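Work through the exercises below with the sequence and the coordinates at hand, and compare each solution with your own reasoning.

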Amino acid sequence: MFNLKNFRRLMLLNGSMYMCGEGAFLLLGNRPRITNLWSKIVDGENREWLSRVVVESTLPYEYALKEINGGILLECSGVEVNMPEGKLEVNDGLLRDINIAQTGHGSVRIQMSLEYPAVYKHAVYKGFPSRLVIGLDRSFITGLMSGKKIVVDPGHGGKDFGGRGPVSLLEKNVVMPIAVNLENVLKRIGAKVTLTRSSDKDISGEERAALALNVNADAYISIHTGASADSGMEGAATLYAPHDNGSARLALYIQEEIIKKLKVRDRGTAGQPGLARMDKRIPAVEVEVVTITNIVEEVFLRGLTIQERAAEGILNGLIKYFASDRLNAKGDK
Amino acid sequence: MIAGRISIRTHVITEKDDIVDVVKKYTGKIASPGDIVAIAESVVAISQGRAILPDAVKPGILAKILCHFPGKEGSLAAPPSIQVAMEEVGAARFLLGVAAAGLGRLIGRRGDFFRVAGRQLALIDDFAGTMWPFDRHIVLGPKDTQKVVDRIKQVTGIDAVITDINDIGKVDILAATDGVDADALTSYLKDNPHGNDDQQTPIVVLISPENMSRINAAAQQG
C-alpha cells in the first residue's frame with residue numbers, strides 16, 4: 001500500500017533525492033555504500049582466536065551468509081560498492097583472500113576463500129560507519145599446532161655477526177626480533193618453542209643441532225638474512241637440510257608464504273649442506289628473510305613491520321606443512 | 001565541528017592518477033557540502049610523481065658519511081634518502097640542520113634538525129615508509145598542497161585538507177580550504193583513520209553534524 005513513509009523509504013533505497021524541509025540534499029549518494037573491507041587476527045571475547053573480517057558501509061543493508069566450497073559467501077542487497085572491486089589478499093594462515101564484486105544493481109557478492117574449514121559468527125554494529133563483522137574461528141590451526149615442538153634458531157651470534165648491511169645493520173642482531181616474534185605467534189597457538197639463543201652469544205652448529213635433538217623437535221627453523229657481495233641481490237630464500245625427511249617440502253611452504261607476506265623477490269629454495277648436521281628425523285630449514293646487503297632491504301629489516309610479517313609468513317608455512325602432513329597421514333590409512 | 005567520519009579504500013594510487021579525480025570518484029556519492037575530505041599526504045605526493053626508485057639517486061660522499069651518524073632523525077636512514085633530502089633543501093642547509101641536531105642533543109632537545117633544515121624533510125618517507133608497491137621507493141612530500149585542496153573544492157564543492165598523520169598520534173594539516181579550522185580537526189584524526197599496513201584508506205570523509213543527522217534518520221528508516 002502506498003503511503004508517504006513507504007514512498008520515502010523507496011526513494012532512499014532507489015537512490016533518489018531525499019526531500020526535507022530546507023530543500024533537496026544528496027543523502028550519502030542514494031543507497032548504502034560499502035567503503036572499506038579489512039581483516040585482522042584478534043582474540044575474541046571468550047579467548048577464542050579469530051580472523052575478523054569487517055565490511056564498512058555508510059548505512060546498514062540486508063545480507064545473507066552461506067558456506068560454499070572452500071570458503072564463505074556473503075551476499076548483500078540494496079548496497080553499492082564504493083571501493084575497488086576484486087581480490088584483497090589476506091594470507092593470515094586461515095583467510096587467503098576476500099573478493100568483492102558488484103553483481104547487479106544493488107547486489108554485492110563478497111567471497112572469503114579459506115585455507116581450512118572454519119566456523120563463523122556475524123553481527124552488525126550500527127553507527128557510522130555501519131560495520132558488518134564476521135568472526136572466523138581459527139581453532140583448526142590451534143588444533144593442528146598445539147603441542148608441536150618447534151626449535152627457532154636466531155642465526156649467528158657473538159663474534160659471528162653474519163651478514164652486514166651497507167649502513168650498519170648486523171644479521172645476528174636483526175634475526176633476534178624476528179625469532180622472538182615467531183616464538184610469540186607459535187606460543188599463541190599452543191606450540192612448544194625452544195630458542196637456541198636469547199642473547200648475543202656464539203653457539204656452534206653442533207650445539208644447535210643437539211638442542212633440536214634433545215627436545216625431539218618437530219621442526220627446526222633457523223632465521224637468517226641473505227648476504228652477497230653483489231649489492232643488487234635482493235629478496236628471500238629458504239634453504240633445507242639435505243635429508244629426505246620433509247625439509248624440502250617445509251622449505252617450499254615457508255618460501256611460498258613468506259613471499260606472499262613480504263612481497264619481495266623470490267630467490268626460491270635450495271639444499272643447505274650446512275644443515276646436514278641436523279638429525280635426519282627433524283625437518284630443518286634456514287629462512288633468509290630478505291637480503292641484508294641490499295641497501296633497500298637493510299632499511300626494510302630495521303622496520304617492525306617486516307620483522308612481524310616475516311614471522312607470520314614462516315608460521316603460515318609451518319601450518320601448511322603440518323596440515324599437509326595430517327592430510328597425508330589420513331590418506332595413508 | 002565533526003559528527004562522524006568514514007574511511008574509504010581506494011585503488012593503489014600511482015603517478016597516472018589525478019588526485020582530484022580520485023577524490024571525486026570515491027567521495028562523489030558520500031560527501032555533501034559541509035563535510036570535509038581528508039587526504040593522506042603520501043598519496044598526493046605519489047600522484048604527483050614524487051616517488052623515486054633508488055636507482056634514480058646517486059648518493060654523494062656526504063650522504064654516505066652522514067648515514068653512519070647515530071640518532072638520524074625521522075625516516076632518513078639510507079644514503080639515497082639523505083641524498084634526496086639534501087637536494088630538496090641544499091647541502092648547506094641540510095648540514096646546518098645536522099649541526100643544530102647535534103647541539104640540540106647536547107642540551108636534551110629534539111626536533112632541531114627539521115626546524116633548521118626544513119619541515120618538508122619530515123615528509124620524506126624512506127624505503128619501507130610507504131606501503132607496497134611503493135615500499136621500495138623514497139617518497140617526497142607533496143607539492144602545491146594549497147592548490148590541490150582548492151582544486152578539490154572547486155571541482156567537488158567539498159572542503160578538503162591534506163594530512164600527515166603518524167602512528168603515534170601526531171597530526172599535521174599541510175593545507176586546508178578556506179574556512180576549515182585545521183586545528184580543530186586534529187582530535188578527529190589522531191588515531192590515524194587512514195590506517196596503516198594493508199589498510200589502504202587514504203581518503204577519509206569527516207561528516208558535519210547537519211549531514212550526520214540526515215544519515216542517522218536514513219539509518220532508522222532503512
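**Exercise 1: the two domains of chain B**

Eight residues of domain 1 of chain B are in contact with eight residues of domain 2 of chain B, where contact requires C-beta atoms, placed from the backbone, to lie within 7 Å. The model is predicted, so that local features need pLDDT of at least 70 and side-chain atom pairs pLDDT 80 or more, whereas totals for chains, interfaces and linings use all residues. Residues are numbered from 1 along each chain as its sequence is written, and chains are lettered from A in the order in which they are written.

Task: determine which helix gives the largest share of the side of domain 1 of chain B that touches domain 2 of chain B.

Solution. Begin with the bounds, which come from an automatic or database domain assignment: domain 1 covers 4–48 + 142–221 and domain 2 covers 51–139. Next, the C-alpha centres of these two domains of chain B are 28 Å apart. Finally, helix α2 (residues 41–47) of chain B contributes four residues, the largest share of that side, helices being DSSP runs of H or I with at least four residues and strands runs of E with at least two.

**Exercise 2: the setting of B:D164**

Task: decide whether B:D164 is buried, partly exposed or exposed.

Solution. First locate B:D164 in strand β5 (residues 159–165) of chain B. Then count: B:D164 is partly exposed because 19 C-beta neighbours lie inside 10 Å, given that 20 or more would make a residue buried and 12 or fewer exposed. Leaving out residues up to four places away in sequence, B:D164 touches B:E41, B:L123, B:D172 and B:L174.
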